[in-house]
Every structure is written in structure tokens, then in C-alpha cells.
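Work through the following exercises with the structure open beside you, and try each task before you read its solution. Each solution goes one step at a time.

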Amino acid sequence: MNEDVERTVSEDTDAATPTDGERRRFSRRAVLLGGTAAGLTAAGVAGYAAREQLKRLWWRLPGVDQEREAGAVDYPGAEWVAASGENWRRADRPYDYTVDRVVIHVVQGSFADALRVFRDPEHRAAAHYVVRRDGHVAQTVREMDVAFHAGNRPYNERSVGIEHEGFVSRASSFTDAMYRSSARLTAAICERYGIPRDREHIVGHVEVPGTDHTDPGTLWDWDRYLRLVRAVRTRTAR
Ligand SMILES: [Zn+2]
């Protein structure tokens, strides 16, 4: 209903899934039984390097996944509302892609708008989480998977995306409850992947290379947000 709801369009890059050819090229049989690989592993130090390489290739295999339990969430307390499978790509992070960024978004609409468009296969975009103005959190894509939220394939692959209910032009969108809840979520994500809690690693959609999006906008209080993120106590607080 709201045409202005943020459309984190992935365009040509992200909707692509590995072709059959790519799957075959990286198939387990090819990696483990291939003559090149066997030859390399026989050669001492070079063999060690090759095995490490093989390990990485193995984890890059499509279809080698972590366990997926229906309805499971990565952030305890989040409500699971599955996004359409057209709006994200199956992956095995952090084994296939290093996760080192959190990308902050603003919906340009309501919490319900965000969930509605994320469930719409035509939207071709979704973030991992949506935070409501009262602090309620929904998870819509698993963190192991690549959500199409940044409009930049490498950034989608390396990041967790968090949408926030509201509008960039309305300061009243950003409530205390929202900042606090989102900060706890971001701190937990940083903890899980060893991401430093700083502005280099916690970025706005506007800072993603090549984006034409402006969210979270100038009214988003980064100093306050970072202060809250850093204040969250976690096992390995930094
Ligand atoms: Zn955005």
C-alpha cells in the first residue's frame, strides 16, 4: 500500500543463485577426488596449505548448511516472521562469508509495512531484522543467509541488516525503546561475529558503496546509538 516503503533493491546481482555449472565446479566429488587436489595434498607444507584451501572450498559448497530448525531465531526473544525466499539467498555464514558489518536501515513505513513487503516475493529485498518503535524485534531472514538489503552484493554477503520502523524525516520515529532494543540486537550480533563496535563496522545504508539510499538519515543519533551499543554487556565486551 505504501509505495514509499524502502525498497532495498538487489537488482541484477543478488537475485542470482549459483548455476548448475557452478555447483558442479565446486562439487564435493570434484574437490575431494580431483587429481589436482590429491597431488597437492601429498606435498608436505604445500599439502597443508592445500588442505586449508580445500576446507574453505568445502564450506563454500552450496547445499552444505548449518542445521535449520523451522521458526528458529538467532536473537533470543525475536519474533520469527519468515521473509519470502525470493528476498534472500541461502548461505552458510560465517563459514562461507565473513560477517563484519551491521547495516542500519529505516523502513520509510511501519513495522507492518516492512514485514508485508519482506513476505512479498516481488519485493526482492529484505533485511534480517525489523525493530518496532516499542522495541519489539522481528527476525525475517536467518543470519547464516544473505539478505538483500544493502543493494550491494559484497555488502549483503558481509553484513547483517536491521530495519527500523519509521521515517528518516521524522525525529519522533526514533524512540528511546527502539534505540535501546536495536543497540542490544547490534551488540549481540557484534559479539557473535567478533565485529568491533565502531562506526567503521556499524554503518548506515547511506554509507554502503554505490547506494542511492539515504537511510537512516541525519536524524538518526549515531553518537547515542554507538554509546548504547557499547554499553551492552556481553561475554567479550570490547
Ligand atoms: Zn535501507
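**Exercise 1. A residue of the core**

Which residues does Ala-126 touch, not counting residues up to four places away in sequence?

Solution. Keep in mind from the start that this is a predicted model. Begin at Ala-126 and look for partners on the earlier side of the sequence, where you will find Ala-83, Asn-87, Trp-88 and Phe-118. Then go on to the later side, where Ala-126 touches Thr-140, Val-141, Ala-147, Phe-148 and His-149. Next, place this residue in its wider setting: Ala-126 belongs to the largest nonpolar core, which has 46 residues, and together with Val-102, Tyr-129, Val-130 and Ile-162 it touches the most other members. At least two residues of this core come from each of S3, H6, S4, S5, strand S6 (146-147), S7, H8 and H9, and H8 gives the most, with 7 residues.

**Exercise 2. The length of a helix**

Decide what span helix H8 (residues 176-193) should have, and compare it with the distance between its end C-alpha atoms.

Solution. The helix has 18 residues, and at 1.5 Å a residue, with one less than the number of residues counted, the expected span is 26 Å. The end C-alpha atoms of H8 are 26 Å apart, which agrees with this expectation. Now ask how the helix is set into the chain: its buried residues include Met-178, Tyr-179, Leu-185, Ile-189 and Cys-190, and there is also an unbroken buried run from Ser-181 through Ser-182, Ala-183, Arg-184, Leu-185 and Thr-186 to Ala-187. Among the elements that cover these buried residues are strand S3 (101-106), strand S7 (159-164) and helix H9 (222-231). After the helix comes Gly-194, whose phi is positive, near 70°.

**Exercise 3. The order of the sheet**

Work out in which order the strands of the open sheet lie, and how S7 pairs with S3 and S4.

Solution. The sheet has 6 strands in the order S1-S5-S4-S7-S3-S8, and the pairing is mixed. Its edge strands are strand S1 (79-80) and S8, each of which pairs on one side only. Moving inward, take S7 and its partners: S3 and S7 are parallel, with 6 bridges between them, and Ile-104 stands opposite Ile-162 in S7. S4 and S7 are also paired in the parallel sense, over 3 bridges, and here Val-131 has His-164 in S7 as its bridge partner. By contrast, S4 and S5 run antiparallel and are joined by 3 bridges, with Val-130 standing opposite Ala-138 in S5.

**Exercise 4. Two faces of one strand**

Are the residues on the two faces of S7 buried or exposed?

Solution. Recall that in a regular strand the side chains alternate between the two faces of the sheet. For S7, this sorting puts Ser-159, Gly-161 and Glu-163 on one side, and Val-160, Ile-162 and His-164 on the other. All of these residues are buried, and both faces of S7 are therefore covered.

**Exercise 5. Unusual backbone angles**

Find where Gln-108 and Arg-124 lie, and decide whether each is buried or partly exposed.

Solution. Most residues other than glycine have a negative phi, and most peptide bonds are trans. Gln-108 has a positive phi of about 60° although it is not a glycine, and its place is the loop between S3 and helix H6 (111-119). Because Gln-108 has 24 C-beta neighbours inside 10 Å, it counts as buried, for which 20 or more are needed. Arg-124, which is not a glycine either, also has a positive phi of about 60°, and is found in the loop between H6 and S4. With 19 C-beta neighbours inside 10 Å, Arg-124 counts as partly exposed. As a last step, turn to the peptide bonds: the one from Arg-93 to Pro-94 is cis, with omega near 5°, and the one from Asp-215 to Pro-216 is cis as well, with omega near 10°.

**Exercise 6. Where to read with care**

Over which residues does pLDDT stay under 50?

Solution. The mean pLDDT of the chain is 83, and 72% of its residues reach 70 or more. Over residues 9-42, however, pLDDT stays under 50. Where pLDDT is low, the predicted coordinates should not be read in detail.

Note on methods: Residues are numbered from 1 along each chain as its sequence is written. This is a predicted model: local features need pLDDT of at least 70, side-chain atom pairs count only at pLDDT 80 or more; totals for chains, interfaces and linings use all residues. Helices (H or I, at least four residues) and strands (E, at least two) are DSSP runs, numbered from the N terminus. A residue is buried if 20 or more other C-beta atoms lie within 10 Å of its own, exposed if 12 or fewer, and partly exposed in between; C-beta atoms are placed from the backbone. Two residues are in contact if their C-beta atoms, placed from the backbone, lie within 7 Å. pLDDT is the predictor's confidence in each residue, from 0 to 100. Two strands pair if DSSP finds at least two bridges between them. A nonpolar core is a set of buried Ala, Val, Leu, Ile, Met, Phe, Trp, Tyr and Cys residues joined through C-beta atoms within 7 Å.
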